[in-house]
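This briefing introduces a protein structure to a reader who has not met it before. Please consult the sequence and the model shown here, then the notes that follow.

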Amino acid sequence: MTVMAKPEQTNTRTLVSAPTLSPATTAKPDLISVEQAKSMDIAGMTDLFKAHLNPGQLHFMKLLGFHKIKIERAEGMFYIDQKGRKILDFFGGFGSLAFGHNHPRILEVRKKFQEEKRQEIAIAFMSQYAAALAHNIAKCSPGDLDMVFLGSSGSEAMEAAVKLAERAAGPKRPKIVYAENSFHGKTKGVLGITDGQLYRADFRMADNTVRIPFADIEAVERLFRSDPEIGVIVLETIQGGGGIIQAPTEYWQKLRALCDQHHVLWVADEVQCGYGRSGRFYAFEHHGVVPDVTALAKSLGAGKAAVGAMIARREIYMKAYGTPKTAMIHAMATFGGMGEACATAIEGINVLYDEGLIDNAAVTGEYLLQRLQTLREKYPKVIKDVRGKGFMVGLEFHDFSQTLPMVLRPIVSVLDDKLKGSLSGFVGALLLRDYDVLVAFTEYNRNVIRLEPPLICRREHVDRFVDAFDGLLSRGIVAIVKDFVKSQVR
């Protein structure tokens, strides 16, 4: 028998030399650095805005005089421009700046997060920050609204809300009801329940939506009774783009009863009116009702991060996504629940309560309404209505012809439709130019100025704004028009 000797084992390895790194051959484009961006002048900003952002939008910025301003920094209730001018912010980023600009606690928590090199994107792992934020949002939410989806914007939060509700309603009840003059976002899904031709343009909308008047409970009841395919109704608790429009408590209580009776799911859009802006955490809390699904965004990111959230009743959530097979149908996207964004939002909710900002919105917001009502009485031919809740206020002007001397009204009245929004624009432009005050406008009723100051707004800020507004109106409409025209030819 032949015995084969076992080859001797060695620990030697064949080593391959690593190739030297190739020299960089990709040419760097002509890029702008952060420092260069910071020092850019208005002419340079304008050129780049026209070349790469939105040339058409620049037209409206020029009409309002906004194109002449470069914001160098912002603090509290104020923007500070290139000349050191402090501009009082009664615009508030459409409700995105509950804490004003650069709140010190928000800055500190973000700085600490960065210094500790915490993780941002934790898709593969659970995130303690996302979990804690979801817990905090659930604790702030009434009833059994306790399941949270985190995203990056109001549109994304509303997309999640509508998808969840549609899936929970089931394929036999696919129709979604929305209101006239509604605004729920510009992304393709919620565009179908956003009632604005400007935004809809010529896009093809979903065919499972039904429009009804806002705050008309009889219309809701007729629709629910006549169409068994209705599964979801989506409503802003306070319409923002529609001109700060509210429905009475009786409407919301009857709506809740009708939804229960007909097994329709109610989605409350609180992206703009929520998060303490109305004087309660959610605006629907004023009416003693709780929806099936709701959504937050805007100030949820504390003015320093893009954060949106859908909040749903657990029963509804589990019906839609409650099994391993369905759990990933609408799981968080890549940037949903990012670490620093969640840490920012966690601190923001704590600041909201620690500093009593919800109560401040209720009390100081009522003071704002009272002072504006006084101006309405002083200028009844100019101011048609003052309305709102907390720090979500609409100030509506009469049609342009009605604000002019009697002799001019018949001549100008034929142009009222074309002139809608002109007085709001004149006033907004001159408030900024002459009084250092920034206000906003509304999408559908262009005669309305929208006031959504930060929730840190105090009486002295209200007094400064109202005094400025009073001073401007005291010039008279003809003088206001002349002043605006002069500003355009300078």
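What is the volume of the second largest pocket? The second largest pocket has a volume of about 720 Å³. The structure is a predicted model, and the points below take up this pocket, the cysteines and two backbone angles.

**The second largest pocket**

- The pocket is lined by 30 residues, and those closest to its centre are Phe-125, Ala-130, Val-148, Ala-331 and Met-332.
- Two or more lining residues are given by each of these elements: helix H6 (128-140), strand E4 (145-151), helix H7 (154-169) and helix H12 (314-321).
- Strand E4 supplies four residues, the largest share of the lining.
- Sorted by class, the lining of the second largest pocket consists of 24 nonpolar, five polar and one charged residues.

**Cysteines**

- The number of disulfides in the structure is zero.
- A disulfide requires two cysteine sulfur atoms within 2.5 Å.
- The closest cysteine sulfur to that of Cys-342 belongs to Cys-140 and lies 14 Å away, so the two are too far apart for a bond.
- Cys-342 has a relative accessible area of 2% and is therefore buried, given that the term applies under 20%.
- Cys-457 likewise takes part in no disulfide, its nearest cysteine sulfur being that of Cys-273, at 19 Å.
- With a relative accessibility of 0%, Cys-457 also counts as buried.

**Residues with positive phi**

- Most residues other than glycine have a negative phi.
- His-263, a residue other than glycine, has a positive phi near 60°.
- His-263 is placed in the loop between helix H11 (249-262) and strand E10 (265-269).
- Is His-263 buried or exposed? His-263 counts as exposed because its relative accessibility is 61%, and the cut-off for exposed is over 50%.
- Tyr-275, also a residue other than glycine, has a positive phi near 65°.
- Tyr-275 is found in the loop between strand E10 and strand E11 (293-296).
- Is Tyr-275 buried or exposed? Tyr-275 is buried, because its relative accessible area is 2%.

**Points to retain**

- The lining of the second largest pocket includes 24 nonpolar residues, and strand E4 gives the largest share of that lining.
- Cys-342 is buried, as is Cys-457, and the structure holds zero disulfides.
- Phi is positive in His-263, which is exposed, and in Tyr-275, which is buried.

Definitions and conventions. Residues are numbered from 1 along each chain as its sequence is written. This is a predicted model: local features need pLDDT of at least 70, side-chain atom pairs count only at pLDDT 80 or more; totals for chains, interfaces and linings use all residues. Side-chain values use heavy atoms; hydrogens and water are left out. Buried means under 20% relative accessible area, exposed over 50%, partly exposed in between (1.4 Å probe, protein chains only). On a 1 Å grid over the protein atoms alone, a cavity is a set of points where a 1.4 Å probe fits but cannot get out, and a pocket is an open set with protein on both sides within 12 Å along at least five of seven lines; lining residues have an atom within 4 Å of a point. Grid points are joined across faces, edges and corners, and a volume is the space filled by probe spheres set on the points. Ala, Val, Leu, Ile, Met, Phe, Trp, Tyr, Cys and Pro count as nonpolar, Asp, Glu, Lys and Arg as charged, and the others, Gly among them, as polar.
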